[in-house]
Amino acid sequence: MRCTGDIEVRELEELAINIDPIQAGGRLTPEAMKAVIAYGDGYSVCDNCRKPFRLDQIKKPPIDAFHRDLARFVHMDEARVMPGARRGFQAVTGTFVGKGDPVLLTALSHYTSFLAVEAAGGIPREIPKDGKNRITGEAAAARIEEVTREFGRPPALLFVDHFDYQFGNEHEVREIAKAAHAHDIRVLYNGAYTVGILPVDGTELGVDFVVGSGHKSMASPAPSGVLATTKECAGELFRTTQAKGDLTQRQFGVKEVELLGCTLMGATIMGMMASFPAVKERVNHWQEELANGKIVTDALRSIGGTGILSEEPRRHTLTRVDTRDSFDRVAQTHKKRGYFFTSALGERGIGGVIPGATKVWKFNTYGLTRRQCGHLASAFTEIARENGLPVG
Ligand SMILES: *Cc1c(COP(=O)(O)O)cnc(C)c1O
(Lines give C-alpha, C1' and ligand atoms only; values in the text may rest on other atoms or scores of the structure.)
Protein backbone atom coordinates (compact mmCIF):
# COMPACT_ATOMS: atom_id res chain seq x y z
CA MET A 1 0.00 0.00 0.00
CA ARG A 2 1.24 3.48 -0.79
CA CYS A 3 0.42 6.99 0.40
CA THR A 4 1.33 8.15 -3.09
CA GLY A 5 4.02 7.68 -5.72
CA ASP A 6 6.96 5.96 -4.08
CA ILE A 7 5.92 6.71 -0.49
CA GLU A 8 4.92 3.44 1.10
CA VAL A 9 2.68 3.31 4.15
CA ARG A 10 4.52 2.51 7.38
CA GLU A 11 3.09 -0.64 8.89
CA LEU A 12 5.70 -1.72 11.44
CA GLU A 13 3.46 -0.98 14.42
CA GLU A 14 0.55 -2.88 12.85
CA LEU A 15 2.60 -5.90 11.78
CA ALA A 16 5.02 -6.38 14.64
CA ILE A 17 5.83 -5.96 18.29
CA ASN A 18 8.30 -3.10 17.97
CA ILE A 19 11.07 -3.07 20.58
CA ASP A 20 13.10 -0.21 19.09
CA PRO A 21 14.26 1.68 22.19
CA ILE A 22 13.64 5.16 20.81
CA GLN A 23 10.18 4.46 19.42
CA ALA A 24 8.35 2.86 22.33
CA GLY A 25 7.12 5.95 24.18
CA GLY A 26 6.37 8.01 21.10
CA ARG A 27 3.73 5.79 19.50
CA LEU A 28 0.63 7.87 19.01
CA THR A 29 -2.62 7.29 20.82
CA PRO A 30 -5.73 6.93 18.61
CA GLU A 31 -6.72 10.40 19.83
CA ALA A 32 -3.44 11.87 18.60
CA MET A 33 -3.88 10.16 15.23
CA LYS A 34 -7.22 11.89 14.82
CA ALA A 35 -5.74 15.23 15.87
CA VAL A 36 -2.87 14.81 13.41
CA ILE A 37 -5.33 14.43 10.56
CA ALA A 38 -7.57 17.27 11.72
CA TYR A 39 -4.65 19.66 12.30
CA GLY A 40 -2.27 18.45 9.60
CA ASP A 41 -2.43 21.69 7.67
CA GLY A 42 0.45 24.10 8.24
CA TYR A 43 -0.54 26.85 10.64
CA SER A 44 -3.82 25.16 11.54
CA VAL A 45 -3.86 26.17 15.21
CA CYS A 46 -3.72 29.83 14.20
CA ASP A 47 -7.41 30.10 13.17
CA ASN A 48 -8.31 31.67 16.48
CA CYS A 49 -5.02 33.24 17.45
CA ARG A 50 -5.77 36.67 18.90
CA LYS A 51 -3.74 39.37 20.54
CA PRO A 52 -1.02 39.17 21.85
CA PHE A 53 -0.47 36.55 19.13
CA ARG A 54 1.47 33.88 20.87
CA LEU A 55 1.06 30.11 20.65
CA ASP A 56 0.89 29.50 24.40
CA GLN A 57 -1.96 31.99 24.72
CA ILE A 58 -4.33 30.51 22.14
CA LYS A 59 -7.62 29.63 23.81
CA LYS A 60 -9.30 27.71 21.02
CA PRO A 61 -8.16 24.97 20.84
CA PRO A 62 -7.14 25.24 24.54
CA ILE A 63 -3.39 25.52 24.02
CA ASP A 64 -3.08 28.01 26.88
CA ALA A 65 -4.56 25.58 29.39
CA PHE A 66 -2.35 22.81 27.99
CA HIS A 67 0.73 24.86 28.82
CA ARG A 68 -0.41 25.27 32.41
CA ASP A 69 -1.15 21.54 32.61
CA LEU A 70 2.28 20.71 31.24
CA ALA A 71 4.03 22.81 33.89
CA ARG A 72 1.95 21.16 36.60
CA PHE A 73 2.61 17.72 35.13
CA VAL A 74 6.37 18.03 35.76
CA HIS A 75 5.89 20.14 38.93
CA MET A 76 7.49 23.31 37.59
CA ASP A 77 6.18 26.88 37.32
CA GLU A 78 6.22 27.57 33.58
CA ALA A 79 6.33 25.43 30.47
CA ARG A 80 6.60 25.82 26.72
CA VAL A 81 6.32 23.31 23.92
CA MET A 82 9.47 22.88 21.86
CA PRO A 83 10.37 21.05 18.63
CA GLY A 84 12.14 18.23 20.45
CA ALA A 85 14.08 17.96 23.69
CA ARG A 86 17.17 19.17 21.82
CA ARG A 87 15.54 22.55 21.11
CA GLY A 88 14.73 22.75 24.80
CA PHE A 89 18.42 22.23 25.59
CA GLN A 90 19.32 24.86 23.02
CA ALA A 91 16.97 27.45 24.52
CA VAL A 92 18.65 26.91 27.90
CA THR A 93 22.21 27.05 26.58
CA GLY A 94 21.31 30.03 24.38
CA THR A 95 20.20 31.88 27.49
CA PHE A 96 22.62 30.81 30.20
CA VAL A 97 25.82 29.72 28.42
CA GLY A 98 28.24 32.28 27.00
CA LYS A 99 31.18 31.82 24.65
CA GLY A 100 33.96 29.90 26.41
CA ASP A 101 31.85 28.95 29.42
CA PRO A 102 32.37 25.45 30.77
CA VAL A 103 29.25 23.28 30.89
CA LEU A 104 29.00 19.96 32.70
CA LEU A 105 27.41 16.98 31.02
CA THR A 106 27.96 13.33 31.81
CA ALA A 107 29.83 10.39 30.34
CA LEU A 108 26.41 9.08 29.30
CA SER A 109 24.93 12.30 27.90
CA HIS A 110 23.15 12.34 24.54
CA TYR A 111 24.84 13.94 21.54
CA THR A 112 22.13 16.60 21.32
CA SER A 113 23.18 18.02 24.68
CA PHE A 114 26.76 18.35 23.42
CA LEU A 115 25.50 20.09 20.29
CA ALA A 116 23.37 22.48 22.32
CA VAL A 117 26.47 23.42 24.36
CA GLU A 118 28.50 23.82 21.18
CA ALA A 119 25.82 25.98 19.54
CA ALA A 120 26.14 28.45 22.41
CA GLY A 121 29.96 28.43 22.29
CA GLY A 122 30.24 26.54 25.59
CA ILE A 123 32.99 24.05 26.43
CA PRO A 124 31.70 20.58 27.39
CA ARG A 125 33.20 18.79 30.38
CA GLU A 126 31.96 15.35 31.39
CA ILE A 127 31.14 13.89 34.79
CA PRO A 128 32.55 10.35 34.76
CA LYS A 129 30.38 7.27 35.33
CA ASP A 130 31.21 4.84 38.09
CA GLY A 131 31.93 1.12 37.72
CA LYS A 132 28.21 0.42 37.60
CA ASN A 133 27.61 2.96 34.82
CA ARG A 134 25.95 5.42 37.15
CA ILE A 135 26.50 9.13 37.60
CA THR A 136 26.70 9.99 41.28
CA GLY A 137 26.41 13.19 43.28
CA GLU A 138 29.91 12.57 44.53
CA ALA A 139 31.37 12.37 41.01
CA ALA A 140 29.49 15.55 40.08
CA ALA A 141 30.84 17.42 43.11
CA ALA A 142 34.39 16.34 42.30
CA ARG A 143 34.12 17.36 38.66
CA ILE A 144 32.62 20.73 39.60
CA GLU A 145 35.70 21.41 41.73
CA GLU A 146 38.03 20.30 38.95
CA VAL A 147 36.37 22.32 36.21
CA THR A 148 36.14 25.37 38.45
CA ARG A 149 39.91 25.16 38.99
CA GLU A 150 40.51 24.67 35.26
CA PHE A 151 38.44 27.68 34.16
CA GLY A 152 38.74 29.90 37.20
CA ARG A 153 34.94 29.96 37.49
CA PRO A 154 32.22 27.36 37.98
CA PRO A 155 30.38 25.76 35.03
CA ALA A 156 27.53 27.86 33.64
CA LEU A 157 25.15 24.91 33.53
CA LEU A 158 24.95 21.22 34.37
CA PHE A 159 23.03 18.61 32.36
CA VAL A 160 21.84 15.45 34.04
CA ASP A 161 19.84 12.59 32.53
CA HIS A 162 17.47 10.95 34.96
CA PHE A 163 17.80 7.76 32.91
CA ASP A 164 20.46 7.65 30.21
CA TYR A 165 19.87 6.41 26.68
CA GLN A 166 22.70 3.86 26.68
CA PHE A 167 21.87 1.66 29.66
CA GLY A 168 18.57 3.04 30.90
CA ASN A 169 20.28 3.38 34.29
CA GLU A 170 18.97 5.79 36.92
CA HIS A 171 21.32 8.55 38.03
CA GLU A 172 21.50 10.55 41.25
CA VAL A 173 19.63 13.63 40.05
CA ARG A 174 18.77 14.97 43.49
CA GLU A 175 22.31 14.64 44.83
CA ILE A 176 23.82 16.03 41.63
CA ALA A 177 21.46 19.03 41.70
CA LYS A 178 22.42 19.66 45.31
CA ALA A 179 26.12 19.60 44.51
CA ALA A 180 25.54 21.99 41.58
CA HIS A 181 23.43 24.42 43.57
CA ALA A 182 26.10 24.59 46.25
CA HIS A 183 28.17 26.33 43.55
CA ASP A 184 25.26 28.33 42.08
CA ILE A 185 25.21 26.18 38.96
CA ARG A 186 21.86 25.78 37.21
CA VAL A 187 20.70 22.24 36.54
CA LEU A 188 18.95 20.94 33.44
CA TYR A 189 17.06 17.70 33.96
CA ASN A 190 16.99 15.69 30.75
CA GLY A 191 13.74 13.75 30.86
CA ALA A 192 13.81 12.46 27.29
CA TYR A 193 13.27 8.96 28.69
CA THR A 194 11.06 9.91 31.63
CA VAL A 195 8.62 12.78 31.04
CA GLY A 196 5.47 11.09 29.75
CA ILE A 197 6.24 7.56 30.86
CA LEU A 198 6.91 7.84 34.58
CA PRO A 199 6.08 10.47 37.21
CA VAL A 200 8.51 13.41 37.17
CA ASP A 201 8.66 16.05 39.90
CA GLY A 202 11.16 18.75 39.01
CA THR A 203 10.60 20.68 42.23
CA GLU A 204 11.21 17.67 44.42
CA LEU A 205 14.36 16.81 42.44
CA GLY A 206 15.51 20.41 42.88
CA VAL A 207 16.30 21.17 39.24
CA ASP A 208 15.97 24.44 37.34
CA PHE A 209 14.86 23.09 33.97
CA VAL A 210 12.90 20.01 33.00
CA VAL A 211 13.15 18.99 29.37
CA GLY A 212 11.05 16.23 27.83
CA SER A 213 10.67 14.76 24.37
CA GLY A 214 7.17 14.52 22.90
CA HIS A 215 8.09 12.06 20.19
CA LYS A 216 10.21 9.90 22.48
CA SER A 217 8.06 9.66 25.55
CA MET A 218 4.77 11.56 25.24
CA ALA A 219 2.97 9.67 22.46
CA SER A 220 3.37 12.66 20.17
CA PRO A 221 4.39 13.42 16.60
CA ALA A 222 7.92 14.65 15.86
CA PRO A 223 9.37 17.08 16.46
CA SER A 224 7.79 17.90 19.81
CA GLY A 225 8.85 18.32 23.39
CA VAL A 226 8.54 20.36 26.54
CA LEU A 227 10.76 22.84 28.34
CA ALA A 228 9.69 23.73 31.87
CA THR A 229 11.35 25.92 34.44
CA THR A 230 11.02 27.79 37.71
CA LYS A 231 9.64 31.29 38.27
CA GLU A 232 13.22 32.40 38.97
CA CYS A 233 14.58 31.29 35.59
CA ALA A 234 11.48 31.87 33.47
CA GLY A 235 12.04 35.60 33.04
CA GLU A 236 15.43 35.15 31.41
CA LEU A 237 14.71 31.89 29.59
CA PHE A 238 11.43 33.09 28.12
CA ARG A 239 12.53 36.71 27.64
CA THR A 240 10.56 38.61 25.03
CA THR A 241 12.02 40.37 22.02
CA GLN A 242 13.62 43.79 22.26
CA ALA A 243 14.42 43.96 18.55
CA LYS A 244 13.37 46.96 16.50
CA GLY A 245 13.52 47.60 12.77
CA ASP A 246 15.73 50.60 12.15
CA LEU A 247 13.81 51.66 9.02
CA THR A 248 10.31 50.58 9.89
CA GLN A 249 10.52 51.00 13.67
CA ARG A 250 8.66 47.72 13.95
CA GLN A 251 8.71 45.84 17.26
CA PHE A 252 7.47 42.37 17.91
CA GLY A 253 5.61 42.45 21.17
CA VAL A 254 5.69 39.39 23.41
CA LYS A 255 7.37 36.95 21.05
CA GLU A 256 9.91 34.92 22.99
CA VAL A 257 13.45 35.06 21.61
CA GLU A 258 14.63 31.51 22.37
CA LEU A 259 11.42 30.11 20.88
CA LEU A 260 11.70 32.34 17.80
CA GLY A 261 8.14 33.37 18.58
CA CYS A 262 6.00 30.30 18.12
CA THR A 263 7.13 26.67 18.05
CA LEU A 264 4.59 23.91 17.33
CA MET A 265 1.76 25.22 15.19
CA GLY A 266 -0.24 22.29 13.90
CA ALA A 267 -0.16 18.50 14.02
CA THR A 268 2.68 18.40 16.55
CA ILE A 269 1.06 20.39 19.32
CA MET A 270 -2.40 19.00 18.66
CA GLY A 271 -1.02 15.46 18.71
CA MET A 272 0.67 16.21 22.04
CA MET A 273 -2.51 17.71 23.46
CA ALA A 274 -4.71 14.88 22.25
CA SER A 275 -2.42 12.27 23.83
CA PHE A 276 -1.96 14.19 27.07
CA PRO A 277 -4.90 12.73 29.05
CA ALA A 278 -3.66 9.22 28.26
CA VAL A 279 -0.06 10.24 29.01
CA LYS A 280 -1.02 11.72 32.40
CA GLU A 281 -2.77 8.49 33.23
CA ARG A 282 -0.12 6.11 31.99
CA VAL A 283 2.68 7.45 34.18
CA ASN A 284 0.80 5.88 37.11
CA HIS A 285 1.41 2.43 35.66
CA TRP A 286 5.19 2.54 35.61
CA GLN A 287 5.54 -0.36 38.07
CA GLU A 288 3.51 -2.61 35.75
CA GLU A 289 5.76 -1.59 32.87
CA LEU A 290 8.80 -2.59 34.93
CA ALA A 291 7.22 -5.91 35.88
CA ASN A 292 6.51 -6.64 32.19
CA GLY A 293 10.07 -5.71 31.26
CA LYS A 294 11.38 -8.13 33.88
CA ILE A 295 9.71 -11.05 32.10
CA VAL A 296 11.94 -10.29 29.12
CA THR A 297 15.21 -9.60 30.97
CA ASP A 298 14.71 -12.81 33.01
CA ALA A 299 14.30 -14.79 29.80
CA LEU A 300 17.39 -13.24 28.23
CA ARG A 301 19.47 -13.90 31.34
CA SER A 302 18.42 -17.57 31.24
CA ILE A 303 20.18 -17.96 27.87
CA GLY A 304 23.75 -19.17 28.47
CA GLY A 305 26.36 -16.53 27.64
CA THR A 306 23.89 -13.64 27.70
CA GLY A 307 24.46 -10.68 30.01
CA ILE A 308 22.27 -7.77 30.99
CA LEU A 309 24.56 -4.74 30.88
CA SER A 310 22.05 -2.37 32.49
CA GLU A 311 21.75 -2.08 36.26
CA GLU A 312 19.54 -4.63 38.00
CA PRO A 313 16.91 -4.75 39.26
CA ARG A 314 15.80 -2.75 36.24
CA ARG A 315 14.30 0.63 36.97
CA HIS A 316 13.59 1.37 33.32
CA THR A 317 12.16 -0.55 30.38
CA LEU A 318 15.12 0.33 28.14
CA THR A 319 17.77 -2.34 28.59
CA ARG A 320 21.19 -3.00 27.10
CA VAL A 321 22.10 -6.60 26.56
CA ASP A 322 25.30 -8.42 25.65
CA THR A 323 24.84 -11.48 23.43
CA ARG A 324 28.42 -11.78 22.19
CA ASP A 325 28.72 -15.18 23.90
CA SER A 326 25.29 -16.39 22.79
CA PHE A 327 23.54 -15.12 19.66
CA ASP A 328 26.76 -13.75 18.19
CA ARG A 329 28.43 -17.16 18.59
CA VAL A 330 25.58 -18.61 16.53
CA ALA A 331 26.04 -15.86 13.94
CA GLN A 332 29.70 -16.89 13.37
CA THR A 333 28.64 -20.11 11.66
CA HIS A 334 25.06 -19.43 10.58
CA LYS A 335 24.51 -19.12 6.84
CA LYS A 336 22.59 -15.88 7.39
CA ARG A 337 25.37 -14.57 9.66
CA GLY A 338 24.11 -11.86 12.03
CA TYR A 339 20.86 -11.58 10.15
CA PHE A 340 19.70 -14.95 11.46
CA PHE A 341 18.66 -13.23 14.69
CA THR A 342 16.71 -10.35 13.14
CA SER A 343 15.08 -12.76 10.74
CA ALA A 344 14.14 -15.27 13.47
CA LEU A 345 12.62 -12.40 15.47
CA GLY A 346 10.81 -11.17 12.36
CA GLU A 347 9.27 -14.61 11.81
CA ARG A 348 7.83 -14.30 15.31
CA GLY A 349 6.39 -10.87 14.68
CA ILE A 350 9.08 -8.91 16.47
CA GLY A 351 10.71 -5.84 14.94
CA GLY A 352 12.85 -2.91 15.96
CA VAL A 353 16.19 -4.63 16.52
CA ILE A 354 18.93 -3.24 14.26
CA PRO A 355 19.34 -5.73 11.38
CA GLY A 356 22.39 -7.88 11.93
CA ALA A 357 22.96 -6.81 15.55
CA THR A 358 23.99 -9.79 17.66
CA LYS A 359 26.67 -8.32 19.92
CA VAL A 360 25.55 -5.50 22.20
CA TRP A 361 22.10 -4.10 21.58
CA LYS A 362 19.18 -2.39 23.29
CA PHE A 363 15.47 -2.93 23.47
CA ASN A 364 12.54 -1.25 25.17
CA THR A 365 9.41 -3.02 26.32
CA TYR A 366 7.55 0.17 27.20
CA GLY A 367 3.88 0.04 26.25
CA LEU A 368 3.81 -3.68 25.51
CA THR A 369 1.17 -5.77 27.24
CA ARG A 370 2.11 -8.57 29.60
CA ARG A 371 1.15 -11.08 26.89
CA GLN A 372 3.34 -9.36 24.35
CA CYS A 373 6.24 -9.42 26.82
CA GLY A 374 5.59 -13.12 27.40
CA HIS A 375 5.73 -13.68 23.65
CA LEU A 376 8.93 -11.69 23.37
CA ALA A 377 10.50 -13.66 26.23
CA SER A 378 9.65 -17.03 24.67
CA ALA A 379 10.79 -15.83 21.27
CA PHE A 380 14.28 -15.15 22.66
CA THR A 381 14.53 -18.50 24.46
CA GLU A 382 13.09 -20.42 21.49
CA ILE A 383 15.57 -18.86 19.08
CA ALA A 384 18.34 -19.74 21.53
CA ARG A 385 17.24 -23.40 21.82
CA GLU A 386 16.75 -23.80 18.08
CA ASN A 387 20.33 -22.70 17.60
CA GLY A 388 21.80 -24.97 20.24
CA LEU A 389 22.33 -22.42 23.01
CA PRO A 390 21.78 -23.62 26.58
CA VAL A 391 18.67 -22.21 28.27
CA GLY A 392 17.89 -22.71 31.93
C1 LIG B 1 16.29 11.06 22.43
C2 LIG B 1 17.11 11.80 23.38
C3 LIG B 1 17.31 13.17 23.21
C4 LIG B 1 16.79 13.95 22.01
O5 LIG B 1 15.41 14.09 22.07
P6 LIG B 1 14.65 14.88 20.91
O7 LIG B 1 13.29 15.11 21.45
O8 LIG B 1 14.65 13.97 19.70
O9 LIG B 1 15.39 16.13 20.64
C10 LIG B 1 18.03 13.85 24.17
N11 LIG B 1 18.54 13.22 25.23
C12 LIG B 1 18.36 11.89 25.43
C13 LIG B 1 18.93 11.25 26.65
C14 LIG B 1 17.65 11.15 24.51
O15 LIG B 1 17.49 9.84 24.73
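Q: What makes the largest pocket a pocket and not a cavity, and what is its volume?
A: In this predicted model, side-chain atom pairs count only at pLDDT 80 or more and local features need pLDDT of at least 70, whereas totals for chains, interfaces and linings use all residues. Residues are numbered from 1 along each chain as its sequence is written, and side-chain values use heavy atoms, without hydrogens or water. The largest pocket has a volume of about 820 Å³. On a 1 Å grid over the protein atoms alone, a pocket is an open set of points with protein on both sides within 12 Å along at least five of seven lines, while in a cavity a 1.4 Å probe fits but cannot get out. The volume is the space filled by probe spheres set on the points, which are joined across faces, edges and corners.

Q: Which residues that line the largest pocket are the closest to its centre?
A: The lining holds 36 residues, and Ile22, Gln23, Gly26, Arg27 and His215 are the closest to the centre. A lining residue has an atom within 4 Å of a point.

Q: Why is the largest pocket said to lie between domain 1 and domain 2?
A: Domain 1 (2-24 + 284-386) and domain 2 (43-265) both contribute residues to the lining, so the pocket lies between them. The bounds come from an automatic or database domain assignment.

Q: How do the residues of the lining divide into nonpolar, polar and charged?
A: There are 15 nonpolar, eleven polar and ten charged residues. Asp, Glu, Lys and Arg count as charged; Ala, Val, Leu, Ile, Met, Phe, Trp, Tyr, Cys and Pro as nonpolar; the others, including Gly, as polar.

Q: What makes a residue one of those that surround the ligand, and which are the closest?
A: A heavy atom of the residue must lie within 4 Å of the ligand. There are 14 such residues, with Ala85, Arg86, Ser213, His215 and Lys216 the closest.

Q: Why are the pairs formed by Ala85, Arg86 and Asn190 with the ligand called polar contacts?
A: A polar contact is a pair of N or O atoms within 3.5 Å. A polar backbone atom of Ala85 is 2.8 Å from an oxygen atom of the ligand, and a polar side-chain atom of Arg86 is 2.7 Å from a ligand oxygen. For Asn190, a polar side-chain atom lies 2.9 Å from a ligand nitrogen. These pairs therefore meet the limit. The protein covers 96% of the 390 Å² of accessible area (Shrake-Rupley method, 1.4 Å probe) that the ligand has on its own.

Q: What is omega for the peptide bond from Lys60 to Pro61?
A: Omega is near -5°, and the bond is cis.

Terms used: A polar contact is a pair of N or O atoms within 3.5 Å; within protein, one must be able to donate a hydrogen and the other to accept it, and residues adjacent in sequence count only if both atoms are side-chain atoms.
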